[in-house]
Amino acid sequence: MKKITISDLNNWKALGEKFASITAYDASFSKIFEEQNMPVLIVGDSLGSVIQGKPTTLNVSIDDLVYHTKCVRAGSPNAFIISDLPFMSYHNPHTACESAAKLMKAGANMVKIEGGSWLINTVKILTERAIPVCAHLGLMPQAVNIYGGYKVQGKTEEQATKILENAQQLQRAGAQALVLECIPAKLAQQITLELNIPVIGIGAGKDTDGQVLVMHDILGVSANYIPRFSRNFLAETGSIEAAVKKYIEEVKQKTFPDEKHSF
């Protein structure tokens, strides 16, 4: 696989070509993903749940993300790697810069942060300092205690308007990509059409530019449960390689996610 850059993601959006991505946490699986031409890997703080066995992502540290980013980059030299900034590692611009620099030095191409308009100044400062930013809106797992659980966001007109406005503001601030999690498919479609940057969905319908799933979910080995928007591709194919390939192809062909895996 050739080296993937943000320019590739932008070109795919312009051409209407859908792309798949997947979470990754170690070198061995990252190598498999690259061998199947998975273009984007997300080193997620979801490792708190699927690797560490915790009920939320809140205990994950920046050192955890640095370690796992190094592992993923070792296994996949060519994929575009987005690494999460974990809970309270970007609560002010200075801390955000320090945390993001650690992830970039570990091998990330971009950092991902959860939050809306309060992050505008942070996004500006990060991008001015050559740190590409992926924003994250909709269901933000680090805010689980605010929501009272993992709940679909953007179902009311007020919520939907706020998510759209935040997406526009973050793009203007310099964000170069956006993840939308667990929002109605129609809202995700509207946001994707209105933004110039690539939009990656998880539980956000089929009309986003890209899709991401947690690797443990598509392989049916999640410690807790497989969410409604995901699918056990391993059960359908019989091998990890075939499962990954099928997921990539179905995203490209726009057959996944379907209505059953959307809100």
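Which residue in β6 does L137 stand opposite? The answer is L180. Keep in mind as we go that what you're looking at is a predicted model.

Let's stay with that part of the structure for a moment. Strand β6 covers residues 177–181, and 5 bridges join β5 to β6, the two strands running parallel. On the other pairing, strand β4 (residues 110–114) is joined to β5 by 4 bridges, and these two run parallel as well. Here you can look for V111, which stands opposite V133 in β5. To get from β4 to β5, the chain passes through helix α6 (residues 120–128), and this β-α-β crossover is right-handed.

Now look at β5 itself, residues 133–138. How many of the residues of strand β5 are buried? It's 6 of the 6, so the strand is largely enclosed by the rest of the structure. In a regular strand, side chains alternate between the two faces of the sheet. You can follow both faces of β5 here: V133, A135 and L137 are on one side, C134, H136 and G138 are on the other, and all of them are buried.

Next comes a spot picked out by a database record. An unreviewed UniProt entry has a "binding site" annotation that covers D45, D84 and E114. These residues span 70 residues in sequence, yet no two of their C-alpha atoms are more than 11.1 Å apart, so they gather at one spot. The lining of the largest pocket includes D45, D84 and E114.

Let's take D45 and D84 in turn. D45 sits in the loop between β2 (40–43) and α3 (47–50). Is D45 buried or exposed? With a relative accessible area of 4%, D45 is buried; the cut-off for that is under 20%. If you set aside the neighbours within four places in sequence, D45 is in contact with T57, V60, L65, D84, P86, E114 and Q142. Notice that D84 and E114 are on that list, and both are also covered by the annotation.

D84, for its part, lies in strand β3 (residues 80–84). D84 counts as buried too, at 4% relative accessibility. Not counting residues up to four places away in sequence, D84 touches I42, V43, G44, D45, L65, L103 and K112.

K112 brings us to another "binding site" annotation from the unreviewed UniProt entry, covering D45, S46, D84 and K112. Although these are spread over 68 residues of sequence, they cluster in space, with a largest C-alpha distance of 12.5 Å. Again the largest pocket comes in: its lining includes D45, S46, D84 and K112.

S46 is worth a look as well. You'll find S46 in the loop between β2 and α3. S46 is buried, with a relative accessible area of 17%. Leaving out residues up to four places away in sequence, S46 touches T23, Y25, T57 and V214. T57 may ring a bell, since D45 is in contact with T57 too.

Let's move on to another loop, the one between β7 (199–202) and β8 (210–213), where D207 has its place. At 27% relative accessibility, D207 counts as partly exposed. Which residues does D207 contact, leaving aside its neighbours within four places in sequence? They are K18, Q189 and T192. Take Q189: D207 and Q189 are 18 residues apart along the chain, but their C-alpha atoms are separated by 5.2 Å. Their side chains are joined by a polar contact of 3.5 Å.

Last stop: Q253, in the segment after α12 (240–252). At 53% relative accessibility, Q253 counts as exposed, since the cut-off for exposed is over 50%. If you'd like a sense of distance across the model, try Q253 and L164, which are 89 residues apart in sequence and 27 Å apart in space, C-alpha to C-alpha.

Methods: Residues are numbered from 1 along each chain as its sequence is written. This is a predicted model: local features need pLDDT of at least 70, side-chain atom pairs count only at pLDDT 80 or more; totals for chains, interfaces and linings use all residues. Side-chain values use heavy atoms; hydrogens and water are left out. UniProt positions are given in the numbering used here, feature names are shortened, and annotations may be inferred rather than shown by experiment. On a 1 Å grid over the protein atoms alone, a cavity is a set of points where a 1.4 Å probe fits but cannot get out, and a pocket is an open set with protein on both sides within 12 Å along at least five of seven lines; lining residues have an atom within 4 Å of a point. Buried means under 20% relative accessible area, exposed over 50%, partly exposed in between (1.4 Å probe, protein chains only). Contact means heavy atoms within 4.5 Å. Two strands pair if DSSP finds at least two bridges between them. A crossover is right-handed if, with the strands pointing away from the viewer, the path from the first strand over the helix to the second runs clockwise. A polar contact is a pair of N or O atoms within 3.5 Å; within protein, one must be able to donate a hydrogen and the other to accept it, and residues adjacent in sequence count only if both atoms are side-chain atoms.
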